[in-house]
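Q: I have a model open and would like to talk it through before I go back to the bench. Can you take me through it piece by piece?

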Amino acid sequence: YMVGHQITLADISICCALVDGMKLVLDEAFRKPYGNLMRWFNLCLAQPEFVAVLGKVTLCGGAAKREAAPKKEAAAKKEATPKKEAAAKKEAAPKKEAAAKKEAKEEKGAKKGKKDEAAASEAPAEKTPEELAADRKAKMKKVIKEGGKRGVEIEGAADMGGLKFFCTSVDEPAGDMEFMDACMEAMNEKSDPTQEERKGGSGAIGKMIFSAGDHQLGIVAYVPDHLKDDIDAIEWIRKVLDLFGGKLEDGSNKVYARGTIKADGDANKFPLKMKEPCITEAISYLKGKSLFPDADSDDDEMVFGDDDFPS
């Protein structure tokens with residue numbers, strides 16, 4: 001057998017896979033060189049368990065070749081056709097062919113017209129400025145909601161792990177810098193402990209957030225006032241942007257900096273692919289300034305990163 005001296009799942013799987021081929025395609029001439037395979041195959045088929053499932057298996061014997069229609073009989077039938085009938089068909093053929101061509105042409109034209117109409121109806125209508133504004137407003141609500149929720153999570157992680165700085169990604173902004181600013185603002189919004197669903201609350205924690213869209217990777221760095229002597233937001237974000245040749249956005253300053261890395265397929269620069277290395281680089285920079293716990297140290301503090309908050 002395939003494995004050892006008794007039937008195993010390997011024999012059952014391979015035998016069942018070969019059955020249809022052996023019955024319909026693999027004729028005697030094809031099987032001849034594979035004596036050992038056929039001995040094993042026939043041995044399996046002889047087992048009662050195989051017979052109960054597969055039944056009696058008749059191997060392909062080249063019958064398909066013998067099923068060719070005899071040419072002589074066809075020729076005899078052709079010769080028996082009356083000449084008069086052939087002449088009548090010949091006379092009727094041009095008229096019938098012309099009618100068929102005309103009908104096919106009309107049908108083709110009708111189908112083309114329907115196809116064009118269907119394509120026109122399926123094509124998405126271009127949105128009006130009002131509709132685009134409404135879509136963006138709805139998207140902004142999702143961005144703010146994600147930012148508020150992520151702010152609460154970051155605050156909790158910082159309390160447990162004693163973190164001053166945090167690096168994470170957000171999905172809803174999709175690399176749009178206006179949305180990323182709104183997301184960061186929602187994270188930093190002062191939390192109301194009396195609310196049933198708390199939002200924000202991480203304004204005292206330095207952060208760098210990342211968001212990947214189709215066109216670019218957006219990055220925003222935030223440093224609270226009481227930590228501005230420990231780190232420069234521009235210096236921090238430049239370290240990350242330099243990894244893939246990104247650009248520092250205008251208006252960046254020591255406590256709030258923005259940057260983008262454009263997608264470039266020819267250079268193998270894809271926002272989703274670049275996001276994780278950039279987060280790692282941002283955390284490495286913090287570790288170099290002793291502003292983020294080192295996982296290799298003997299410190300018992302908990303260490304949090306982006307993977308603790310899956311998007």
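A: One term comes up throughout, so I will start there: a residue counts as buried when its relative accessible area is under 20%, as exposed when that value is over 50%, and as partly exposed in between. Please also keep in mind that this is a predicted model.

Q: Okay, and which helices and strands am I looking at, or rather, how many of each in the protein?
A: The protein has eleven helices and five strands. Of its 311 residues, 32% count as buried, and the surface it exposes comes to about 20700 Å², with carbon and sulfur atoms supplying 54% of that area.

Q: What is the order of the strands in the sheet?
A: The five strands form an open sheet in the order β1-β2-β3-β5-β4, and the pairing is mixed. Strands β1 (165-169) and β4 (247-248) stand at the edges with a single partner strand each, so one side of each has no neighbour in the sheet.

Q: And how do β2 and β3 pair?
A: Strand β2, residues 206-212, runs antiparallel to strand β3, residues 216-222, and six bridges connect the two. One residue pair to look up is Ala 212 with its bridge partner Leu 217 in β3.

Q: Which helix packs on that sheet?
A: That is α10, residues 233-241, which touches β1, β2, β3, β4 and β5 (256-262), and whose direction makes about 15° with that of β5.

Q: Switching to charges: how many salt bridges does the count come to?
A: The count comes to seven salt bridges. One of them joins the side chains of Glu 153 and Arg 150, at 3.1 Å from N to O; both residues lie in helix α8 (residues 129-161), three residues apart, which is about one turn of the helix.

Q: Is Arg 150 buried or exposed?
A: Arg 150 is buried, because its relative accessible area is 5% and the cut-off for buried is under 20%. Its partner Glu 153 counts as partly exposed, at 25% relative accessibility.

Q: Which residue does Glu 155 form a salt bridge with?
A: Glu 155 pairs with Arg 198, and their closest N and O atoms are 2.7 Å apart. This pair links distant parts of the chain, since Glu 155 is in helix α8 whereas Arg 198 is in the loop between α9 (177-188) and β2, 43 residues apart. Arg 198 itself is partly exposed, with a relative accessible area of 34%.

Q: What about Asp 181, where does it lie, and where is Arg 258?
A: The side chains of Asp 181 and Arg 258 meet in a salt bridge at 3.1 Å, N to O. Asp 181 lies in helix α9 and Arg 258 in strand β5, so this pair ties together parts that are 77 residues apart in sequence. Asp 181 is partly exposed at 23% relative accessible area, whereas Arg 258 counts as buried at 16%.

Q: Which residues do salt bridges with shared partners join into one network?
A: Arg 136, Asp 176 and Glu 178 are joined in that way.

Q: Last one, Lys 269: what is the nearest side chain of opposite charge?
A: It is Asp 264, 5.5 Å away, and Lys 269 has no salt bridge although it is buried. Lys 269 lies in the loop between β5 and α11 (271-288), and, leaving out residues up to four places away in sequence, the residues it touches include Phe 244, Ile 261 and Met 274.

Conventions
Residues numbered from 1 in each chain as written. Predicted model: local features only at pLDDT ≥ 70, side-chain atom pairs only at ≥ 80, totals over all residues. Heavy atoms only, no water. Helix = DSSP H or I, 4+ residues; strand = E, 2+ residues; numbered from the N terminus. Buried < 20%, exposed > 50% of the residue type's maximum accessible area, 1.4 Å probe, protein only. Areas by Shrake-Rupley, 256 points an atom, 1.4 Å probe, with all protein chains shown as cover. Pairing = 2+ DSSP bridges. Contact = heavy atoms within 4.5 Å. Axes fitted to C-alpha atoms, helices over the stretch in contact; angles between N-to-C directions. Lys, Arg positive; Asp, Glu negative; His and termini not counted. Salt bridge = Lys/Arg side-chain N within 4 Å of Asp/Glu carboxyl O.
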